[in-house]
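Student: I am new to this structure. Could we go through its charged side-chain pairs?

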Amino acid sequence: MQVFLDTKLSTSFIKNNRTKLKPIIIEWNEYAWKNISYIDYECGKKCIFTRDRKLEEYATVITFHVGSMQLWNYPKTQSESRMHVFVNFEPPTNAPILAKLPEDFFNYTISYRWDSDITMSYGCFLPIEQNDTDKWSEEEVSKFYFVIGFENAYCTDYITEKVWRLRDLAVPIIFDRSQLRGKYKALNPYVIAVRDFKSIKELGDYLNFLIKNYTEYKK
């Protein structure tokens, strides 16, 4: 992977060697909630990956984390030879800029949705540092029978690691099974859905039943 650090040098170099260069991918903005970016990982393909916006006119691909995009600084020009890639791992309610962008601004999508061009599951586990008192280890989570897997928005396909990673430690409780599309359908036997019950009392009775009947719980 190559990343240009000197804008003046790289721009001059590109102008003189444009036909010989590998495709240029620009990450226009960073992910909003964590200092995590795919630019931090080794690129397995032959490309140049950079955050240098001044190389915009030479880019083959520009990726946009829509949750942290600003209306005043996105590219105002489009080119048939350049692809704009929508990247979003949060629900659309956290990306109000979408309503203000041109409808044809994006060519491809990367998100948690199964109908995206590229689907990437949301969520990850991070190592616990010695002084972290607000994070739970897998051992601590496994002491509980259930984990509430409600999300901060009820949107198509939007489930996080609370469901698909914690299911081996405790039984996730989700809002509705309709959230489990695509490969997530395989999670159906491992979760409890609130909407499967006529009332909260009925749900509570079922949870108490499972706690008292470990054989049924393990099913």
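Student: In which helix do D205 and K201 both lie?
Tutor: This is a predicted model, where local features need pLDDT of at least 70, side-chain atom pairs count only at pLDDT 80 or more, and totals for chains, interfaces and linings use all residues. Residues are numbered from 1 along each chain as its sequence is written, and side-chain values use heavy atoms, with hydrogens and water left out. D205 and K201 are 4 residues apart, about one turn of the helix (helices, H or I of at least four residues, and strands, E of at least two, are DSSP runs numbered from the N terminus). Both lie in α4.

Student: How far apart are the closest N and O atoms of D205 and K201?
Tutor: The two form a salt bridge, that is, a side-chain nitrogen of Lys or Arg within 4 Å of a carboxyl oxygen of Asp or Glu. Their closest N and O atoms are apart by 3.0 Å.

Student: Is D176 buried or exposed?
Tutor: D176 meets R195 in a salt bridge of 3.1 Å, N to O. Buried means under 20% relative accessible area, exposed over 50%, and partly exposed in between (1.4 Å probe, protein chains only). The relative accessible area of D176 is 13%, so D176 is buried.

Student: Which parts does the pair of R177 and D196 tie together?
Tutor: Their side chains meet in a salt bridge of 2.6 Å, N to O. The pair ties together parts 19 residues apart in sequence, because R177 lies in the loop between β8 and β9, and D196 in the loop between β9 and α4.
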